[in-house]
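Here are some friendly notes to read alongside the model. Please keep the structure open and look up each residue as you go.

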Amino acid sequence: MKDIRYRKVWDLDTLFPGGSESHQLSKHIEYLVGMVSEFKSKADCFHTPQDVGDSIKVAELIEYISTITTQLSEANSFTTCLLAENPKDQKASTLQGQIESVRASFDSVVQKTQSTLVNTERNLWKALLDTDVLCNYEFKLNEWRKKGQLQLTDNEEKLVTDLMVDGYHAWRSLYNALMGNIIVRVPINGKISELSMGQAMNLRSHPDVEVRKESHKALEDVWMQKEELVAKVLNHIAGFRLQVNKHKGIGNVLKEPLLDNHMQEETLNAMWRAVSKYKEPFIGYLNKKAEILGEPRLNSYNFWAPITEDKQQMNYNEAIDFVIEHLGRFGPEMEKFSRQAFEKGWVESEDRPNKSAIPFCAGFPLSGQSRVFMTYGGTIKDVLTIAHELGHAFHNDAMKSVEGINKQYPLSIAETASTFSEMVMLDAAIEKTNSNKERLLLLDEKLKRSVMNFMNIHSRFLFEKNFYEERKEGIVSSSRLNELMREAINEGYKGSIDTIPIRSWVWTPHYYITKSPFYNFPYTFGYLFALSIYEKAKGEGKKFETKYLALLRDSGSMTVEDLVMKHLREDITSEAFWEKGLKMCIEDAEEFIHLSECKELS
């Protein structure tokens with residue numbers, strides 16, 4: 001009898017029954033419209049605080065913001081899930097547009113509230129933050145004050161926000177629809193297979209080099225066909241953002257991303273300096289992998305290739321048991337949560353055509369649930385993807401007890417819990433195996449993540465930074481975008497890979513996320529931060545889980561510098577902090593090279 005303990009298709013009906021035809025979802029959006037209108041009326045009557053007693057009015061507005069943010073997240077996450085499982089769901093696309101419109105109206109009122117607070121006299125501001133109703137929100141309110149100082153006039157901000165719906169955010173929606181409808185034709189075993197983008201990209205880890213090569217070629221052909229159109233999308237997203245920044249007097253395109261990530265530029269620069277200093281061992285790993293695969297230099301389409309003849313396939317039920325077992329070694333709460341996610345149908349993993357290619361975790365803060373989306377292909381990489389997204393979901397679950405606006409944590413920390421989950425499972429698997437062949441394979445998977453964060457993400461950051469500088473002078477052509485990507489990859493990888501994917505700007509979704517510019521450096525931050533946390537956890541065992549949960553719950557209410565100092569007693573503006581995590585990864589690279597040179601892999 002076939003083992004079907006864990007379903008592969010998620011359950012969305014427990015959130016809003018009926019999918020895009022859900023009557024409850026329609027009523028929810030109507031309720032949101034009313035809530036935003038009510039909030040606007042309150043905000044219109046709100047004036048710059050004149051005495052400490054106005055703290056009650058500020059707290060009331062905070063409650064509105066917290067409630068509406070939660071309700072918006074619930075609705076937006078649901079339509080995101082609908083469009084991921086079926087990018088052609090036109091009703092879901094329409095509903096998402098309605099939600100974006102509501103969000104635009106809401107953002108406009110929030111910005112007005114923030115700009116009103118900016119004018120509060122300095123001593124009174126401090127007194128307001130000392131009141132019982134506002135003291136828990138001191139960090140967030142100070143962040144609002146900083147953002148308010150960057151805003152335009154109320155009327156200008158409202159105009160910009162309104163224009164975003166059918167301009168800025170519409171370009172992102174067009175991009176998502178374009179990527180979701182792509183069919184990739186890949187020759188496999190003499191037959192042409194019509195695959196979704198996700199299925200075609202999963203072939204990057206196929207054991208047959210010819211399949212990897214053909215899927216790479218098929219994908220490159222698709223990107224080449226789409227590059228002119230996608231270049232327009234990217235240019236218009238960047239152009240809109242730059243124009244708004246220009247009117248706000250923001251010359252540094254990193255200013256707002258750093259503020260959104262609760263991070264100082266000093267911290268970011270220290271991290272990249274440390275990463276740049278320690279790339280040689282990872283070049284050694286890539287060269288050794290190329291040698292194992294019989295290449296003078298590693299081809300990009302072989303980066304995800306398995307390095308042994310063992311295909312290392314794992315059926316879905318085995319994979320879930322593997323995930324629960326290894327995450328359970330870290331702590332009981334993570335094990336309990338992971339089991340619940342699979343048993344309650346929170347994970348969508350079925351390998352089928354016409355799905356989105358991008359794994360993600362969607363949080364539903366109103367329901368206290370999450371949903372994980374991916375396409376399971378049977379490899380260790382897919383198992384790690386599940387663990388990664390479950391880490392996001394665990395973070396969401398940890399935040400359920402946090403009050404109001406403090407629930408909202410930055411992207412830099414969002415990637416910490418997910419990476420931590422991968423590390424826990426990878427190391428546990430490495431420690432468990434008695435097979436050198438399996439150990440080498442697991443080390444390879446671990447090092448792929450190091451390379452992705454220290455080389456690939458670095459190249460993405462360099463590309464985006466250089467692109468924005470050139471975009472200030474006008475439209476950047478698709479051919480120039482290819483050149484910029486080539487330059488960035490060469491610098492990021494220090495010339496250690498062949499068949500450079502110069503069109504990776506076409507399929508990398510992070511460049512098109514209009515809510516989050518520079519969605520790249522938070523990955524590297526989260527990766528190295530997670531390594532530091534994991535080192536602490538290994539020293540303390542399961543009892544560290546309590547401290548870990550405390551750290552996650554603090555993630556929305558302080559800067560990353562203060563968060564790390566409080567929970568790890570480390571200064572992250574220093575290169576020395578980042579070097580510790582890098583050296584841990586270097587040990588993996590050295591072990592990989594040593595093990596691969598053994599005459600026999602049992």
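1. Let us begin with one helix. In H7, the buried residues (under 20% relative accessible area with a 1.4 Å probe, protein chains only; over 50% is exposed, in between is partly exposed) are Tyr168, His169, Arg172, Tyr175, Leu178, Met179 and Gly180. Among the parts covering these residues by contact (heavy atoms within 4.5 Å) are helix H3 (90-118), helix H6 (154-166) and helix H9 (209-248). Helices here are DSSP runs of H or I with at least four residues, numbered from the N terminus.

2. A word on the model itself: it is predicted, with local features needing pLDDT of at least 70 and side-chain atom pairs pLDDT 80 or more, while totals for chains, interfaces and linings use all residues. Residues are numbered from 1 along each chain as its sequence is written, and side-chain values use heavy atoms, leaving out hydrogens and water.

3. Back to H7, residues 168-180: its 13 residues reach 19 Å from first C-alpha to last, close to the expected 18 Å. That expected span is 1.5 Å times one less than the number of residues.

4. Next, find asparagine 456 in helix H17 (residues 436-471). Is asparagine 456 buried or exposed? Its relative accessibility is 16%, so it counts as buried. Its side chain makes a polar contact (N or O atoms within 3.5 Å, one able to donate a hydrogen and the other to accept it; sequence neighbours count only if both are side-chain atoms) with the side chain of tyrosine 493, at 3.2 Å. Beyond neighbours within four places in sequence, asparagine 456 is in contact with Val451 and Tyr493.

5. Now the aromatic pairs: Phe, Tyr and Trp rings (six-membered ring for Trp) with centres within 6.5 Å, stacked if the planes are under 30 degrees apart, edge-to-face if over 60, and tilted otherwise. The count is 29. Phenylalanine 337 and phenylalanine 394 have ring centres 5.8 Å apart and planes at 65 degrees, so they are edge-to-face. The first is in helix H14 (residues 332-343) and the second in helix H15 (residues 380-398), so the pair ties together parts 57 residues apart in sequence. Both residues are buried.

6. Ring pairs also link Trp272, Phe461, Phe463, Phe467, Tyr468, Tyr511, Phe518 and Phe521 into a cluster.

7. Finally, look for charges over rings (NZ of Lys or CZ of Arg within 6 Å of the ring centre and within 35 degrees of the ring normal). Arginine 145 lies over the face of tryptophan 125, 4.6 Å from the ring centre. The charged end of lysine 289 sits over phenylalanine 303's ring, 5.8 Å from its centre.

Note on methods:
Helix = DSSP H or I, 4+ residues; strand = E, 2+ residues; numbered from the N terminus.
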